[in-house]
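Trainee: I am new to this structure and would like a close look at a single part of it. Could you take me through the paired strands and the loop that joins them?

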Amino acid sequence: MGTKGWKLSKETKQRMSVAQKGHKGIKHTPEAKEKIRKAQLGKIYSPETIKRISEAKIQEEAGYGAIHDWVRRWKGTPNICESCGAKDRYMNWANIDHQYKRILDDYIRLCVPCHRKFDLNK
Ligand SMILES: [Zn+2]
């Protein structure tokens, strides 16, 4: 005498079948899904924020980020800060004259804190 069947009450069964029927009834068209997605995005970000995010991304890709990628491509990833000698920090290539021209000799290795100080003194 071990098996005690897990029995669903008549009421529970009925509730389940109603729920399933209800599920089948809802079908989202692709347009409706897109609307829901946008509505959810709108809850998190305001339209201005969405605009600012995309603008920042474009700026980064076109300017500052692109030139650093370019320097990195030719000079590699910097590993020692030329200002303080730190080795275990995240390093940047800093531009000596802050013009960010495509002249490799104008770039020096700086850790993030030194880079920040360097940029403040320009
Ligand atoms: Zn440093």
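Mentor: What follows starts with the whole chain and then turns to the strands, the core and the loop.

This is a predicted model, and the protein has an average pLDDT of 80, with 77% of the residues scoring at least 70. Confidence is lowest in helix H1, residues 10-25, where the mean is 67, and highest in strand E2, at 95. Where pLDDT is low, the predicted coordinates should not be read in detail.

The protein holds five helices and two strands, and from the N terminus on its elements follow the order α-α-α-α-β-β-α. Of its 122 residues, 11% count as buried. Among the contacts with a separation of 6 or more, 42% join residues that are 24 or more positions apart.

Strand E1 covers residues 91-95, and strand E2 covers residues 107-111; the two pair in the antiparallel sense over five bridges. To follow this pairing in the model, one can begin with Asn95, which stands opposite Tyr107 in E2, and then go to Asn92, which stands opposite Leu110 in E2. E1 is mostly covered, since four of its five residues are buried, and E2 is largely enclosed by the rest of the structure because four of its five residues are buried too.

The strands also bear on the largest nonpolar core, which is made up of nine residues in all, namely Val71, Cys81, Met91, Trp93, Ala94, Tyr107, Leu110, Cys111 and Cys114. E1 and E2 each supply at least two residues of this core. Val71, another member of the core, is in contact with Trp93, Leu104 and Tyr107 once its neighbours within four places in sequence are left aside.

The loop between E1 and E2 deserves a careful look at two residues, and His98 is one that lies there. Phi of His98 is near 60°, which is a positive value in a residue other than glycine. With 12 other C-beta atoms within 10 Å, His98 is exposed, because a residue counts as exposed if it has 12 or fewer such neighbours. Tyr100 has its place in the loop between E1 and E2 as well, and Tyr100 has a positive phi of about 50° although it is not a glycine. Tyr100 has 18 C-beta neighbours inside 10 Å and so counts as partly exposed, a class that lies between the exposed limit of 12 or fewer and the buried limit of 20 or more.

Notes
Residues are numbered from 1 along each chain as its sequence is written. This is a predicted model: local features need pLDDT of at least 70, side-chain atom pairs count only at pLDDT 80 or more; totals for chains, interfaces and linings use all residues. Two strands pair if DSSP finds at least two bridges between them. pLDDT is the predictor's confidence in each residue, from 0 to 100. A nonpolar core is a set of buried Ala, Val, Leu, Ile, Met, Phe, Trp, Tyr and Cys residues joined through C-beta atoms within 7 Å. Two residues are in contact if their C-beta atoms, placed from the backbone, lie within 7 Å.
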